[in-house]
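Q: Got a minute to go through this one with me? I'd like to start with the charged side chains.

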Amino acid sequence: MDETSLVRRFQAGEETAFEQLYELYKNPALRSAFLITGNHCDSENVLQETFLSCYQNLPKLKDPSSFKSWFYRILTRTAWAYCKN
């Protein structure tokens, strides 16, 4: 299943679609966070904050096909914020 249809399903109220998005993105997102932070513990925190923000704001995403870039923008900004602390 592609992420666009999962986003649409979640926006329509299907909670399990977000779980599928999480499973699809958790490992590559954790690797990306680690490449920025250089710290495993921080990268796990970045991942958690990214998915929380994604969950809270996904209903507002106007173009479901832009999910991947939107998601990684959140992750990158969150990770760089961790590096500044």
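A: Sure. This is a predicted model, and in it Glu14 and Arg9 pair up through their side chains in a salt bridge, 2.5 Å from N to O.

Q: Are those two buried or partly exposed?
A: Glu14 is partly exposed, at 31% relative accessible area. Arg9 also counts as partly exposed, with 21% relative accessibility.

Q: How many salt bridges does the count come to?
A: Two salt bridges. Besides the Glu14 and Arg9 pair, Lys26 forms one with Glu23, where the closest N and O atoms are 3.2 Å apart.

Q: Where do Lys26 and Glu23 lie?
A: Both are in helix α2, residues 15-37. They sit three residues apart, about one turn of the helix. Lys26 is partly exposed at 23%, and Glu23 counts as partly exposed at 48%.

Q: OK, switching to cysteines. How many disulfides are there?
A: Zero.

Q: Why is there no bond for Cys41?
A: Because the closest cysteine sulfur, in Cys83, is 13 Å from the sulfur of Cys41, too far for a bond. The cut-off for a disulfide is 2.5 Å between sulfurs.

Q: And is Cys54 buried or exposed?
A: Cys54 is buried, at 1% relative accessibility. Cys41, on the other hand, is partly exposed at 48%.

Q: Last thing: which helix is Thr4 in?
A: Thr4 is in helix α1, residues 3-11. Thr4 counts as buried because its relative accessibility is 13%, and the limit for buried is under 20%.

Q: What is Thr4 in contact with, leaving aside neighbours within four places in sequence?
A: Pro64 and Ser65.

Conventions: Residues numbered from 1 in each chain as written. Predicted model: local features only at pLDDT ≥ 70, side-chain atom pairs only at ≥ 80, totals over all residues. Heavy atoms only, no water. Helix = DSSP H or I, 4+ residues; strand = E, 2+ residues; numbered from the N terminus. Buried < 20%, exposed > 50% of the residue type's maximum accessible area, 1.4 Å probe, protein only. Contact = heavy atoms within 4.5 Å. Salt bridge = Lys/Arg side-chain N within 4 Å of Asp/Glu carboxyl O.
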